[in-house]
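I opened my notebook to look up a few helices, hollows and single residues. Here is what I wrote down, entry by entry.

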Amino acid sequence: MTRSVKRDVKPLRYRQIHLDFHTSEHIPDVGKHFDPVDFAQTLKRAHVDSVTIFAKCHHGWSYYPTKVGRVHPNLSRPDLMGDMIKALNAADIESPVYITVQWDEQTAREHPEWRVLSATNAYSREFAADRSSAKQLSPAWHSLCLNHAPLRKQILDQAREVASNYDIPGLFFDIVIAKDCVCEACIERMLENGLDPENPHDRFINDEAVLAQFRDETSSALFKEFPKLRVFYNAGHIAKAGPERFKDYTHLELESLPTGGWGYNHFPTSARYAATLGLDFLAHTGKFHSSWGEFGGFKHPDALEYECAQMIALGSKCLVGDQLHPVGAIDHSTYERIAPAYARIAKLEPFAEGARQVSEIAILSAEHMNPGTARNNPSDDGAVQMLLEMHRPFDVIDREARFEDYRLLVLPDEIRVDRALADRLNAYVAGGGKIIASWHSGQGEDDAFAVDFGLSIDAGTTGFWPSYVEMEAGLDPHIPGSPVVFYDDALRVSARGAHVLGEIRPPYFNRTYRHFCSHVHAPDDVNAEPLGVAVSVHNGAAYIAYPVFRLYRAVGQPIYRHIVNALIDKLMPRPAVSTDLPTSGRLSLMHQADKNRHVLHLLYGAPQLRGQAMPMDGGGTRVMEMIEDIPAIGPVTATVRLAQKPARLYDALSGQALDWTIDADGAVKVTLPRLHIHAAIAFEGEPH
C-alpha cells in the first residue's frame with residue numbers, strides 16, 4: 001500500500017553505517033590520521049555498502065572547503081569529506097552526506113537572535129543544577145529556531161553547495177524537531193494564527209508548521225535542482241502523523257537505538273508504521289553500549305546480529321551508527337563486531353527485496369490520534385509488546401489507512417472517535433472486520449460509545465484503585481478462575497446486548513489511613529455486586545473497560561496479555577502464522593509476490609536488564625536493556641497458512657531443504673531442531 005509520494009531515486013542499500021563526527025574546536029589535528037585505503041578496506045571487510053558522512057556537525061563546523069559554512073579551525077586535511085567520498089565511491093560504497101540543522105553551536109553563538117527560547121527552559125545535554133538563562137552554563141546544544149528566513153536560506157545554500165560539488169546520492173538533515181519555542185518570532189506567528197503561546201498544544205502546532213515550512217522550502221528547491229537526490233529529515237522518531245507529513249521525503253530512516261533510550265519495542269512499532277507509508281526505509285541502531293556520541297563503547301556482536309536480522313524481518317534495510325575519532329582513523333574493533341551481522345544480511349538480501357509483511361492485524365495508533373504525545377506512547381507500546389509476545393504479525397496505522405486490508409483492528413486505550421471515524425469503524429465491522437478496543441477507545445464527542453460494542457457507559461470511574469476482574473470460565477487455560485487484580489481505573493459500563501466475558505469486582509475499600517488491609521490493597525469484596533462489564537464481545541467488536549495496553553506496558557502482568565490473546569482467538573481463528581517460540585521470541589511472515597515466495601523469520605534474543613543506573617541528560621538515570629550471549633533454543637515449530645501449497649521449503653541462509661507436513665486444514669507445519677539468533681525459512685511456490 002503506497003500512500004506517500006515516490007520519487008525516481010535509487011533504492012536504499014541494505015548494509016549502511018551512520019558515521020557521526022561532532023568535533024569540538026578545542027581538539028587538534030582533526031582528520032590527521034585519516035587513511036583512505038584503510039578506511040575503505042575496513043568497511044568492505046565488514047560488508048558495508050553505504051556510509052553517511054559529515055558536511056557539518058553539531059558544533060557548527062564543516063569538514064570541506066565551504067563558502068557557506070565555517071571550516072573546522074583545526075582541520076588537517078583541507079577536504080576531509082571529499083577525500084572520504086572519493087575513497088568510498090572507488091570501493092562502490094555509497095556516501096550520503098550529513099548536515100546538522102537545529103543543533104549548530106557556532107551559528108547559535110553568532111546569531112543568538114535565531115535561538116530557540118524553550119517554554120520550559122529545557123536543553124539537550126544540560127546540567128541539572130544549571131539555572132542560567134538558556135542553560136548558558138551547561139555543555140548543552142542551544143537549538144536554532146527555523147522560524148527565521150536567513151537561517152533557512154543558510155541551510156539550503158550549504159545543502160546546494162554540497163550537492164553541486166560532490167558526487168553523492170543524498171542528504172541527511174539532522175535535528176529537525178519541534179522545540180516548544182516561544183522566541184519573539186514564534187510568539188508573533190502564533191498570535192497571527194490565533195494560537196495561544198501559553199498552551200502547550202498550540203505551541204506544538206506552531207512548531208510543526210515551522211518545520212513543515214522548512215522541509216517544503218528545502219525539498220522543493222533541492223528536488224528542482226537535483227531530481228535524483230535522496231532527502232531525509234531526522235527527528236529521532238517517525239511521527240505517526242499520516243502520509244502528508246512525509247511528502248518532502250524520498251525515504252525514511254528510523255532512529256531507534258534500543259540501548260540508547262528507545263528500548264527494544266520502539267523499532268517494531270516504528271517499522272510497522274513506516275511500512276504502511278510506501279516509502280523505502282531503513283533502521284538505525286548503534287554499535288554503542290549506550291547511545292550516540294559515545295567513544296569507547298561497544299555493543300555485543302550477538303546483539304548487532306539480532307538487531308539487524310530483526311530489521312530485515314520487519315521489512316527494513318539496515319544501518320549501524322558509529323562515531324569517527326577526531327583524528328580520522330577508523331576503528332577496526334568496531335567493524336569486526338559489525339561484520340558478522342552484515343555478512344548475514346548480505347546473504348538475506350535476495351529474500352528481502354520487495355518483501356511485504358503478511359499482517360492480519362493493525363493497531364490504530366494512539367500517538368496518531370493524540371498528536372504531540374511522546375515518542376514512546378504507552379498505549380501503542382503496550383499493544384505492540386503484547387502482539388510481539390503473542391507472535392502475531394501486525395501493522396501500526398493512522399486513520400487514513402485502509403481498514404479493510406486487515407482482519408482485526410486494535411484500538412488501544414485512547415482512540416476517541418469523531419462521527420466520520422465512527423462510521424468507518426462501524427462499517428468495517430458490518431463488513432466482517434473485527435475490533436478489540438479498550439478504555440476510552442470508541443467513545444465519541446459526547447463521551448458515549450460511537451462504536452457499537454453493545455454497551456452503555458454508566459460512569460467514567462469505578463471509584464476504586466485497584467479493582468478486580470473475574471473472567472468467564474474456559475476462555476483460556478492461562479486465565480485464573482478467581483479474580484485478577486488490575487492496577488488502574490476503568491470505565492463503568494453495562495451490557496446492552498453484549499456477551500459479557502468478564503466482570504469488574506470491587507475491593508472492600510480503597511486504602512487510606514482510616515481503613516487498610518495487608519501490605520498493598522484490600523482483597524475483592526465477596527459480598528459485593530459486580531461494578532460492571534470488564535470484558536465483552538458483540539457482533540465482532542470486543543471491549544475491555546481498562547486501559548489494558550498501557551497497563552501491560554507498565555506492570556507486565558501476563559494474564560492481561562492472555563485475555564487479549566483469547567479475544568483474538570475468538571475473533572480471528574486460523575491465523576496466517578503461529579509458533580511455539582517463547583514469548584521473548586519474535587516472528588514475521590514476509591511475502592515476495594514477484595518471486596511467488598514467503599519467508600518466515602524466527603528470532604530469539606531476549607533482552608536482559610543489566611545496567612541499573614545509566615546516567616542521563618539532566619542528572620537522572622535509566623535502566624539498560626541489553627542483549628548478550630544469546631543461547632540456542634529448539635526445537636521450534638511454526639505453522640503457516642498459505643493461499644497455495646508450497647513446492648519446497650528451505651533455509652534461506654544455507655539453501656538446505658527442510659522437512660515439512662501439511663495438516664488436515666491445509667496448514668504447513670515445519671520444525672527447526674535448533675534456532676540461534678535468527679532463522680529465515682523460504683516457502684517457495686511453483687514459478688509463475
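**Entry: helix H8**

I began with the buried residues of H8, and I kept in mind that this is a predicted model. The buried ones are Asp-302, Ala-303, Leu-304, Glu-305, Tyr-306, Glu-307, Cys-308, Ala-309, Gln-310, Met-311, Ile-312 and Ala-313. That makes twelve of the 13 residues of H8, so the helix is largely enclosed by the rest of the structure.

Next I checked the length of H8, which covers residues 301-313. At 1.5 Å a residue, its 13 residues should span 18 Å, and the end C-alpha atoms are indeed 18 Å apart, so the two values agree. I also looked at what follows H8, and there I found Gly-315, which has a positive phi, near 85°.

**Entry: Ile-312, one residue of H8**

I picked Ile-312 from helix H8 for a closer look. Is Ile-312 buried or exposed? Its relative accessibility is 4%, so Ile-312 counts as buried.

Which residues is Ile-312 in contact with, leaving aside neighbours within four places in sequence? I listed Tyr-14, Cys-318, Ile-345, Leu-348, Ala-352 and His-601. I noted one distance as well: Ile-312 and Gln-41 are 271 residues apart in sequence, and their C-alpha atoms are 25 Å apart in space.

**Entry: cavities**

Now for the empty space. Rolling a probe the size of a water molecule over the atoms shows where such space is left. How many cavities of 30 Å³ or more does a search of the whole structure find? My notes say seven.

The largest cavity has a volume of about 130 Å³. It is lined by 16 residues, and nearest its centre lie Leu-314, Gln-357, Leu-388, Leu-587 and Ser-588. Helix H7 (266-274), H8, helix H11 (378-390) and strand E24 (585-592) are the elements that give two or more residues to this lining. E24 provides the largest share, with three residues. I sorted the lining of the largest cavity by class and got nine nonpolar, four polar and three charged residues.

The second largest cavity holds about 80 Å³ of space. H7, strand E9 (281-286) and H8 each supply at least two residues of its lining. I wrote down some of the lining residues, including Phe-267, Pro-268, His-284, Glu-307, Gln-310 and Met-311. Glu-307, Gln-310 and Met-311 are familiar from my first entry, where they are among the buried residues of H8. By class, the lining of the second largest cavity has six nonpolar, five polar and one charged residues.

**Entry: a pocket**

I turned to the second largest pocket, which has a volume of about 890 Å³. Of the 40 residues that line this pocket, Ala-275, Gly-278, Phe-281, Ala-355 and Arg-356 are the closest to its centre. H7 and strand E11 (356-357) are the elements that give two or more residues to the lining. The lining residues of this pocket divide into 16 nonpolar, eleven polar and 13 charged.

**Entry: Ser-270 in H7**

H7 kept turning up, so I chose a residue from it: Ser-270 lies in this helix, and it counts as buried because its relative accessibility is 2%. Leaving aside neighbours within four places in sequence, Ser-270 is in contact with Ile-238 and Leu-254. I also noted that Ser-270 and Glu-217 are 53 residues apart in sequence and 26 Å apart in space, C-alpha to C-alpha.

**Entry: two strand residues**

I then went over to Ser-50, which lies in strand E2 (residues 50-56). At 0% relative accessibility, Ser-50 counts as buried. What joins the side chains of Ser-50 and Gln-16? I found a polar contact of 3.1 Å. Gln-16 also appears on the contact list of Ser-50, along with Arg-13, Arg-15, Ile-17, Ile-93, Glu-94 and Pro-96, once neighbours within four places in sequence are left aside.

My last stop was Thr-100, found in strand E5 (residues 97-100). Thr-100 has a relative accessible area of 0%, so I marked it as buried. Its side chain makes a polar contact of 2.8 Å with the side chain of His-58, and it reaches the backbone oxygen of Trp-103 at 2.7 Å. Not counting residues up to four places away in sequence, Thr-100 touches Lys-56, Cys-57, His-58 and Asp-174.

Key:
Residues are numbered from 1 along each chain as its sequence is written. This is a predicted model: local features need pLDDT of at least 70, side-chain atom pairs count only at pLDDT 80 or more; totals for chains, interfaces and linings use all residues. Side-chain values use heavy atoms; hydrogens and water are left out. Helices (H or I, at least four residues) and strands (E, at least two) are DSSP runs, numbered from the N terminus. The expected span of a helix is 1.5 Å times one less than its number of residues. Buried means under 20% relative accessible area, exposed over 50%, partly exposed in between (1.4 Å probe, protein chains only). A polar contact is a pair of N or O atoms within 3.5 Å; within protein, one must be able to donate a hydrogen and the other to accept it, and residues adjacent in sequence count only if both atoms are side-chain atoms. Contact means heavy atoms within 4.5 Å. On a 1 Å grid over the protein atoms alone, a cavity is a set of points where a 1.4 Å probe fits but cannot get out, and a pocket is an open set with protein on both sides within 12 Å along at least five of seven lines; lining residues have an atom within 4 Å of a point. Grid points are joined across faces, edges and corners, and a volume is the space filled by probe spheres set on the points. Ala, Val, Leu, Ile, Met, Phe, Trp, Tyr, Cys and Pro count as nonpolar, Asp, Glu, Lys and Arg as charged, and the others, Gly among them, as polar.
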